[in-house]
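Here's a quick briefing for anyone about to set up calculations on this model. Have the structure open while you read.

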Amino acid sequence: MRTRMAVVVGAAVAIAMVTLTALVHVPNADSALAAGVTDWWLTGITMGVVYTLTGGWILWRRPDLTIGMLLMAIGLCAVTGMFALEHGVRALEVGALPGGRLALWLGNWVWAATMVSVVAVVPHLLPEGGVPEGRRRLAAGAGVVAVLAMALVWMTTPYDAISAEIASRARNPVAVESDVWAGVFFAAVLAGTVVSVASVVLRWRRSRGETRQQLKWILVGVAASLLLFTVGFAAGPVVTAAAMVPLPAAIVLAVLRLGLWDVDVVISRSLTWFAVLVTLVLVYLLALSAVLLVVPGAEADRWPGMLAVVVAVALSPTVHAVYRREVNLRVHGVEDDPATNLADLGRRLEDRPLGGQSAEMLLGEAISSLSARLGVEGLRLRLADGGHVGERLGPPGGHAVPLQHAGREVGSLELPTAPAELGRHRRRLVARLLPGLAVVAHGALLERMLSRATGELAGAREEERRQLHRELHDGLGPALAAMALKAEVARDLVAAEPDRAAAILDGIVPQLAGTVSEVRSVVLGLRPSTLDELGLEGALVELVEGFSNPDQRVTLRCAPDALRGLAAATEVATYRIVAEALTNAHRHARASLVTVEVRRVGDKVEASVTDDGTGIAARDGTGIGLASMSGRAADVGGRLEVGPAPGGAGTRVCALLPGAT
């Protein structure tokens, strides 16, 4: 609450100072005293607004970050120092305002020290936003020394070094007439600034992942601010004021981690268009100079506009294409930037037909393309299942770079030489492509697993058909053929020897009953008939009643909606697992009470059999029955858990199976 109140108060003070500075600057604009003193008034106002609002926003959202308080302090000091300068100039002009000389003295060094703090101190707190530790704290100390040195320089600078008009009406009470004094402190300012920028560069080179991306933005912000500030000396105060914006914007992105994107794309495109612009301007000036040397002055007036159009239309596409390729090679290591590569990859994925080996084919194309871009032979990618994509390595000694997707290794990129021997740009290209290759490699693994599973399923289906064919052909077929022959013999004997015919038919009846029983056993092997006759709930009721006896009571608890809409495979698995668990409890547990419970758990169905018998530890827990139940659960995508019953006495067998149709 106190922090937010401080933010509100700081914003109110900044608005008041900005307003007062602008109001006082209006009458000062035509004053000779203001020349060279308040020329940067717009920079001070912009700095006060941008830094105060940025720091306040960070402090409002993240009170734990020191950077928010620092930015607010910088903004308030900047606009307060500028107001002090404006007030000092106005007081000297009219001669009746109090505190003019003190305000002029304060404004000089507060304003200068604040400007230095932006480059010498702020970068040390980024991107974490807190007070640095260890060696970074020592480097930050050098930045603080630079700020103090700048403050001391401007505290003691004689006014005649700033403005002859000011010096004619006021004198610096603590002026020091010494070039050595100023030189020493300016050297401290320069050293602190260099240490600050070097610290960011070194941390950027050593960092990885998101931190590296954040530090890139900070470097871009610092570079843009310094560039605009330098250009502002020639271009005017508006450009200098604009220099106050890039660094706070980069700080917001880096510290709050809001929507970070690849800064290399911004850098490459900015460099490309800057190079294009410079080239076109130079070509235009050369062409115009050549024309003016040849064409008389009276006819030369119409050439500048015509040349500008011709140069822009004729050269822009070609120059842009050349520079884009060269800049992308320097920045990204490839001719196209990541956005273009991603768009191309998206189009290739859209054009790829569903099914087949699409991911593996795309992976092969990517490996071939990467091999061509790297200029190396023998590049390949080994998948986690042992398969490989790409060229086979020649002699041993290849270097493997692991590929990880979702925290799991899905393969490795095998290089014929050590990554360090590839060069900086090639290493960067490999590093950029690794995440994408890992995703496609993961897809290729899934495709291979699906292909194997499809083959295994087809093989299992054919094995079941072969088994059924053998049972029908070797068992039921001959039995039915034999009974058909006996029936024909009996038919022929009905008229002549009825007693013998009756005896033959009497022998066929038990054979026919046995055949029917065999057919029923085959059908039951495919699917229990009680499921079709009674449904799963009725079949479970019949099953429970069959296992109940005076020595062992078996009960069934089934939720009303637990069995609604189950797939046929889930029904069979549920019935078989419950039957096997009841059989185990009956044979081994010596239980007096067995409870069967079926209920819904989210989108799954849970079937459990709990007994109060001897417990799983007292029996063989690795028998055929448990293996059969586990296999049935796994076949339908479920799992089986076997352990002690609640309370510690007895055993609980629980199957969690898919509940959707």
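What follows covers the ground rules, then the two sheets, then the helix pairs.

This is a predicted model, in which local features need pLDDT of at least 70 and side-chain atom pairs count only at pLDDT 80 or more, while totals for chains, interfaces and linings use all residues. Residues are numbered from 1 along each chain as its sequence is written, and side-chain values use heavy atoms, with hydrogens and water left out. Helices (H or I, at least four residues) and strands (E, at least two) are DSSP runs, numbered from the N terminus.

**The four-stranded sheet**

- Here 4 strands make an open, antiparallel sheet in the order 2-1-4-3, where two strands pair if DSSP finds at least two bridges between them.
- At the edges you'll find strand 2 (388-390) and strand 3 (399-405), each pairing on one side only.
- On average, neighbouring strands of this sheet are turned by 25 degrees against each other, direction ignored; axes are lines fitted to C-alpha atoms, for helices over the stretch in contact, and angles run from 0 to 180 degrees between N-to-C directions.
- Strand 1 (residues 380-383) and strand 2 run antiparallel and are joined by 3 bridges, with R380 partnered by G390 of strand 2.
- Strand 3 and strand 4 (residues 408-415) are antiparallel too, over 7 bridges, and Q404 has E409 of strand 4 as its bridge partner.
- The hairpin of strand 3 and strand 4 has 2 residues between the strands, and A406 there takes a positive phi near 55 degrees.

**The five-stranded sheet**

- The other sheet to look at is open, has 5 strands in the order 5-6-7-9-8 and mixes its pairing.
- Strand 5 (553-558) and strand 8 (639-644) each have a single partner strand, so one side of each is left without a neighbour in the sheet.
- Neighbouring strands of this sheet are turned by 15 degrees against each other on average, direction ignored.
- Strand 5 runs parallel to strand 6 (residues 593-601), with 6 bridges joining them, and V554 sits opposite V594 of strand 6.
- Helix 17 (residues 529-547) packs on the sheet, touching strand 5 and strand 6, and its direction makes about 165 degrees with that of strand 5; contact means heavy atoms within 4.5 Å.
- At the other end of the strand order, strand 8 and strand 9 run antiparallel with 6 bridges, and L640 stands opposite A655 in strand 9.
- Their hairpin has 6 residues between the strands, and G647 takes a positive phi near 100 degrees.

**Helix 18**

- Helix 18 (residues 568-589) lies across strand 5, strand 6, strand 7 (604-611), strand 8 and strand 9 (651-658), at about 10 degrees to strand 7.
- From first C-alpha to last, the 22 residues of helix 18 reach 30 Å, close to the 32 Å expected at 1.5 Å a residue; the expected span is 1.5 Å times one less than the number of residues.
- Right after helix 18 comes R590, with a positive phi near 50 degrees.

**Helix pairs**

- Helix 1 (residues 2-28) packs on helix 3 (residues 66-94) at about 25 degrees, with the axes 9 Å apart.
- That makes helix 1 and helix 3 roughly parallel (angles under 35 degrees count as roughly parallel, over 145 as roughly antiparallel, 65 to 115 as roughly perpendicular and the rest as oblique).
- The crossing of helix 1 and helix 3 is left-handed, where left-handed means the near helix is turned anticlockwise from the far one by less than a right angle, and right-handed means clockwise.
- Residues in the contact of helix 1 with helix 3 divide into 16 nonpolar, 6 polar and 2 charged; Ala, Val, Leu, Ile, Met, Phe, Trp, Tyr, Cys and Pro count as nonpolar, Asp, Glu, Lys and Arg as charged, and the others, Gly among them, as polar.
- Helix 3 also packs with helix 4 (residues 100-120), at about 150 degrees and with axes 7 Å apart, so the two are roughly antiparallel.
- Helix 3 passes helix 4 in a left-handed crossing, and the contact includes G81, G88 and A91 of helix 3 and G100, G107 and W111 of helix 4.
- By class, the contact of helix 3 with helix 4 has 14 nonpolar, 8 polar and 1 charged residues.
- Helix 5 (residues 135-156) and helix 7 (residues 179-206) have axes that come within 8 Å and cross at roughly 150 degrees, so these helices are roughly antiparallel.
- The contact of helix 5 with helix 7 has 14 nonpolar, 2 polar and 2 charged residues.
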